[in-house]
Amino acid sequence: MIVNSETLSDVKPPVTVKGTRDGLLFLLDEQADMDHLCEYLHSLLFGETASIFDGPVIEVVVDYGKRALTHEEAWRILGQFQARDNFLIKAWGGGTDARQSMFQRKTSARAQHIYHGLVRSGQPLMFDGDVVIIGDVNPSGHVQATGDIYVFGRLLGIAHAGMHGDTTAIIAAAEFAPMQLRIADVISRAPQLKATMEYAYLVDNQMMVAEMKQFMTWNKVRRRHTNQERR
Amino acid sequence: MGSVIVVTSGKGGVGKTTTTANMSTALALLGKKVCIVDADIGLRNLDVVMGLENRIIYDIVDVANGDCRLEQALIRDKRFEHLTLLPAAQTKDKRALTEAKMVDLVGQLKVNYDYVVIDCPAGIEEGFKVAVAPADSAIVVTTPENTAVRDADRVIGLLERDKVGDPRLIVNRIRPDMVKRGEMLDIDEIVQMLGCDLLGVVPDDEAVIRNANRGEPIVVQPNTPASLAYRNIARRILGESVPLMQLEEKSGLWGRVRKLIGGR
């Protein structure tokens, strides 16, 4: 649930309300004028549309960003939240966990691309995020992505996954016979295998290649791992 | 209004000029009015292959510079009434021939001919751009070698970027015996990799070299395999559907005898 205060005012609102799994997150604009902020907050919590916050007791996180608050200012804001009977203030601060988890999720949600067609020699393609190539990557064809690369065809050229240093990125292809593989900073010449459906990944900066049927289990571990890091 | 076809390859020496000469002659023999334009300025060859070298007075750069009229530079081939050549310059500054001039010039030719065939220089630099600029469609020539296929791939990419119609492929100088032994890329592999339509396959044939040296296109000799291949290509350009010719040598009595004596 996202209650965007834009409906209440035309200019960029000084308060943004986000619904999280645990309750409500109030993000206070760190640039906005203090009086304006308080007025806005008052109308938000007690004005005409305030009834949307009515209901059972709800946990509330208030995050004021990098703003330096004096003692009085802090009470002025906090007092308004306390004045609402059904708000239980769970956290109050400048960089609450709720805010961080929200922004982190945003940056980690990678863009996904689908590219239809042949990647020909001398035709470098670059993608921000993960990419699925539906077609072949010809010898000397070059695909780069900040995330994973999946080739739904023959990979005969050069693939560079995790180009900004993501060592968890992988390269997979239906027919895996690349000229050169790069994941993050690790470069490897392709193993001369039988060109089946395979994928390449890194373990301690060492390029590994495995058959695609192992990918699902491996990917589960990877997901768990990256989630842990995020926490 | 005619159609403009550019014959290109990227790599040099794969047979662009020979293909241009023979394909155009075959089209002319089928009754089409054809003008061949040699865009390989500085290293002109087309007139040599066609045996028209001694008749050049003006060339394409003269036309571009306005030193002569277009009609003055055109050479009519006396052997084939429908065939005309616009020769390239040997020594003049090729920068005079810009993309815009080329488009204008070919635009004038288009009105009077069914097909304008442009022989493109090797490489992908300025000369390539000039030759490709007026084209409605492209024919990419390659040989069954890794280097040639790689360059063809690159050129097809550039043609697609420039939106020059669907490039069609001619695989030149194929040697059926080597393909059979797995020592040469086979045609399916090349076509699959390049991802474009196959217009024709021309077998490696000594007669091609012999005739080129004599200044006579191979298509005038009806019985060699290469001649047949070029005629088939011309018919496919006209929209006929002609099956690919059987390249494998007939293993008749003679074939078996030859094998016994150690020939191919």
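Among contacts in chain B between residues at least 6 apart in sequence, what percentage join residues at least 24 apart? In this predicted model, the share is 75%.

**Figure 1. Overview of chain B in the predicted model.** Chain B contains 12 helices and 8 strands. Of its 264 residues, 48% count as buried. The mean pLDDT of chain B is 90, and 93% of its residues reach 70 or more. For the model as a whole, the scores are ipTM 0.74 and pTM 0.70.

**Figure 2. The open sheet of 8 strands in chain B.** The strand order is β3-β4-β2-β5-β1-β6-β7-β8, and the pairing is mixed. Strands β3 (75-76) and β8 (197-203) of chain B have a single partner strand each, so one side of each is left without a neighbour in the sheet. Within the sheet, strand β2 (residues 34-38) of chain B runs parallel to strand β4 (residues 83-86) of chain B, and 4 bridges join the two. One residue to locate in this view is Cys35(B), whose bridge partner in β4(B) is Thr84(B). In general, strands of a sheet pair through backbone hydrogen bonds, either parallel or antiparallel.

**Figure 3. Helices α7 and α9 of chain B lying across strands of chain B.** Helix α7 (residues 146-161) of chain B lies across β1 (3-8) and β6 (137-142) of chain B. The angle between α7(B) and β6(B) is about 170 degrees. Helix α9 (residues 187-194) of chain B lies across β6, β7 (168-174) and β8 of chain B. Relative to β7(B), helix α9(B) runs at about 150 degrees.

**Figure 4. The largest nonpolar core and the surroundings of Val116(B).** This core comprises 83 residues, of which Ile60(B), Val116(B), Ile118(B) and Tyr230(B) touch the most other members. Not counting residues up to four places away in sequence, Val116(B) touches Gly2(B), Val4(B), Cys35(B), Val37(B), Val106(B), Leu109(B) and Lys110(B). A second, separate core has 29 residues, including Val131(A), Ala159(A), Ala161(A) and Leu181(A). In soluble globular proteins, nonpolar side chains tend to be buried together.

**Figure 5. The open sheet of 5 strands in chain A.** The order β7-β9-β11-β13-β14 (chain A) is accompanied by mixed pairing. At the edges stand β7 (125-127) and β14 (186-189) of chain A, each of which pairs on one side only. On average, neighbouring strands of this sheet are turned by 10 degrees against each other, direction ignored. Strand β13 (residues 180-183) of chain A runs antiparallel to β14(A), and 4 bridges join them. Here Ile183(A) stands opposite Val186(A) in β14(A).

**Figure 6. The surroundings of Ile134(A) in strand β8 of chain A.** Ile134(A) belongs to strand β8 (residues 130-134) of chain A. Because 13 C-beta neighbours lie inside 10 Å, Ile134(A) counts as partly exposed. Leaving aside neighbours within four places in sequence, Ile134(A) is in contact with Ile114(A), Tyr115(A), His116(A), Phe152(A) and Gly153(A). Val119(A) is 15 residues away along the chain, and its C-alpha atom is separated from that of Ile134(A) by 9.6 Å.

**Figure 7. Two residues with positive phi, Asp204(A) and Arg173(B).** Most residues other than glycine have a negative phi. Phi of Asp204(A) is near 50 degrees, whereas phi of Arg173(B) is near 60 degrees. Asp204(A) lies in the loop between β15 (198-203) and β16 (206-211) of chain A. Asp204(A) is exposed because 6 other C-beta atoms lie within 10 Å, and 12 or fewer count as exposed. Arg173(B) is placed in strand β7 of chain B. With 21 C-beta neighbours inside 10 Å, Arg173(B) counts as buried, the cut-off being 20 or more.

**Figure 8. Confidence along chain A, and its contact with chain B.** The mean pLDDT of chain A is 82, and 87% of its residues reach 70 or more. Among the elements of chain A, strand β1 (residues 2-3) has the lowest mean pLDDT (38), and β8(A) has the highest (95). Over residues 1-10 of chain A the pLDDT is below 50, and this stretch has 16 contacts in the model beyond near neighbours in sequence. Where the chains meet, 8 residues of chain A are in contact with 7 residues of chain B. The chain A side of this contact has 2 nonpolar, 5 polar and 1 charged residues.

Note on methods: Residues numbered from 1 in each chain as written. Chains lettered and ligands numbered in written order. Predicted model: local features only at pLDDT ≥ 70, side-chain atom pairs only at ≥ 80, totals over all residues. Contact = placed C-beta atoms within 7 Å. Nonpolar A, V, L, I, M, F, W, Y, C, P; charged D, E, K, R; others polar. Pairing = 2+ DSSP bridges. Axes fitted to C-alpha atoms, helices over the stretch in contact; angles between N-to-C directions. Core = buried A, V, L, I, M, F, W, Y, C linked by C-beta atoms within 7 Å. pLDDT = per-residue confidence, 0-100.
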